[in-house]
Amino acid sequence: MNEIILIGGGGFSAEVAEVAEQNNYKVIGYVDSEKTSSCLKYLGKFSEIITQIDASVYFFPAFGAIDRKTIRSRSQNLSEYAQLNIPSLVSPYAIVSKNVKIGKGVFIAHGVILNSEASIGDFSIINSSSVIGHNVTLKKDVVISGNVFLGGACRVGERTLVGPGALILQSLNIGSDVIISIG
């Protein structure tokens, strides 16, 4: 069983830990700037432990984004971690068509449906019960909140956040650094 350390100990880390375990990773704990209320083991600050960790250990960014400031911060932090051994984590309760392309560090939560020919960019998050239509392209660092519907052939630019419950008509192009609000 592979070992994995989560980067971030906020509420989202519990979801990530569960899916990691369902993908046969042993979650060692989390690193963060300080200890949080997470039930996972706090290992310290990333900068303090990185030199002590065996190269075979995996890492996963377990922090999301809720607004323009945090999505930019998330993107900047992810570039710092690009050299790490980072898998993608896909819930066994997601439905993923066989010809979907999934980049590095992607998180796909429970109940997600990814349809034929979708392409999911590095470090993107697709949260619970979202539906991604055929031929959709998500660029790098996109956050799709829960219960989102993206119609077929949509394109979503880098560092874009699509809020909970948003419904996006097919074939629309959404730029980079965009926030689509709830609903």
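**Entry 1: strand 20**

I started at I180 and listed what it touches: setting aside residues up to four places away in sequence, I found L161, V162, G163, A166, I168 and I174. I noted that this is a predicted model. I180 belongs to strand 20, residues 179–180. I also looked up its distance to L167: the two sit 13 residues apart in sequence, and their C-alpha atoms are 9.9 Å apart in space.

**Entry 2: the second largest pocket**

L161 and G163 came up again when I went through the lining of the second largest pocket. The other names I wrote down there are F12, G64, A65, I66, I125, N127, V143, S145, P164 and I182. What kinds of residues make up this lining? I got eight nonpolar, four polar and no charged. The space inside comes to about 160 Å³.

**Entry 3: the largest pocket**

Next I looked up the largest pocket, which has a volume of about 430 Å³. It is lined by 21 residues, and the closest to its centre are G8, D32, S33, F63 and N77. Two elements give two or more residues to this lining, namely helix 2 (46–49) and helix 3 (68–80). Which element gives the most? That is helix 3, with six residues. I sorted this lining by type too, and it came out as seven nonpolar, nine polar and five charged.

**Entry 4: the nonpolar cores**

Then I turned to the largest nonpolar core, which has 35 residues. Which of them touch the most other members? I wrote down L6, V16, F59, F60, L89 and F107. At least two residues of this core come from each of strand 1 (2–7), helix 1 (12–22), strand 2 (25–31), helix 2, strand 4 (58–61) and helix 3. Helix 1 gives the most, with five residues. Apart from this core I found another, of 22 residues, and I noted A94, I108, I120 and L150 among them.

I picked L6 for a longer look. Leaving aside neighbours within four places in sequence, L6 is in contact with S13, V16, A17, V27, G29, Y30, V31, L40, F60 and A62.

**Entry 5: helix 1**

Which residues of helix 1 are buried? My list reads F12, S13, V16, A17, V19 and A20. I then checked what covers them, and the cover includes strand 1, strand 2, strand 4, strand 5 (89–90), strand 8 (107–108) and strand 11. After helix 1 comes N24, and its phi is positive, near 65 degrees.

**Entry 6: V90**

Strand 5 had turned up in that cover, and V90 lies in it. Is V90 buried or exposed? Neither, quite: I have V90 down as partly exposed, because its relative accessible area is 23% and buried means under 20%. Beyond its neighbours within four places in sequence, V90 is in contact with V19, N23, V96, I102 and I108. I noted one C-alpha separation as well: V90 and I126 are 36 residues apart along the chain, with 9.6 Å between those atoms.

**Entry 7: S38**

Where is S38? I found it in the loop between strand 2 and strand 3 (42–44). S38 counts as buried, since its relative accessibility is 17% and the limit for buried is under 20%. The side chain of S38 reaches the backbone nitrogen of L40 at 3.0 Å. Not counting residues up to four places away in sequence, S38 touches G9, S13 and Y30.

**Entry 8: positive phi angles**

I reminded myself of the background here: most residues other than glycine have a negative phi. I looked up two more residues against that.

F123 is not a glycine, yet its phi is positive, about 60 degrees. It is in the loop between strand 10 (119–120) and strand 11 (125–126). F123 is buried, with a relative accessible area of 4%.

N135 is a residue other than glycine, and its phi is also a positive value, near 60 degrees. Which strands does its loop join? N135 is in the loop between strand 12 (131–132) and strand 13 (137–138). Why did I mark N135 as partly exposed? Its relative accessibility is 40%, and partly exposed runs from the 20% limit for buried to the 50% limit for exposed.

Terms used
Residues numbered from 1 in each chain as written. Predicted model: local features only at pLDDT ≥ 70, side-chain atom pairs only at ≥ 80, totals over all residues. Heavy atoms only, no water. 1 Å grid on protein atoms, 1.4 Å probe; cavity = no way out; pocket = protein on both sides within 12 Å on 5 of 7 lines; lining within 4 Å. Points joined across faces, edges and corners; volume = space filled by probe spheres on them. Helix = DSSP H or I, 4+ residues; strand = E, 2+ residues; numbered from the N terminus. Nonpolar A, V, L, I, M, F, W, Y, C, P; charged D, E, K, R; others polar. Core = buried A, V, L, I, M, F, W, Y, C linked by side-chain atoms within 4.5 Å. Buried < 20%, exposed > 50% of the residue type's maximum accessible area, 1.4 Å probe, protein only. Contact = heavy atoms within 4.5 Å. Polar contact = N/O pair within 3.5 Å; in protein donor to acceptor, adjacent residues only side chain to side chain.
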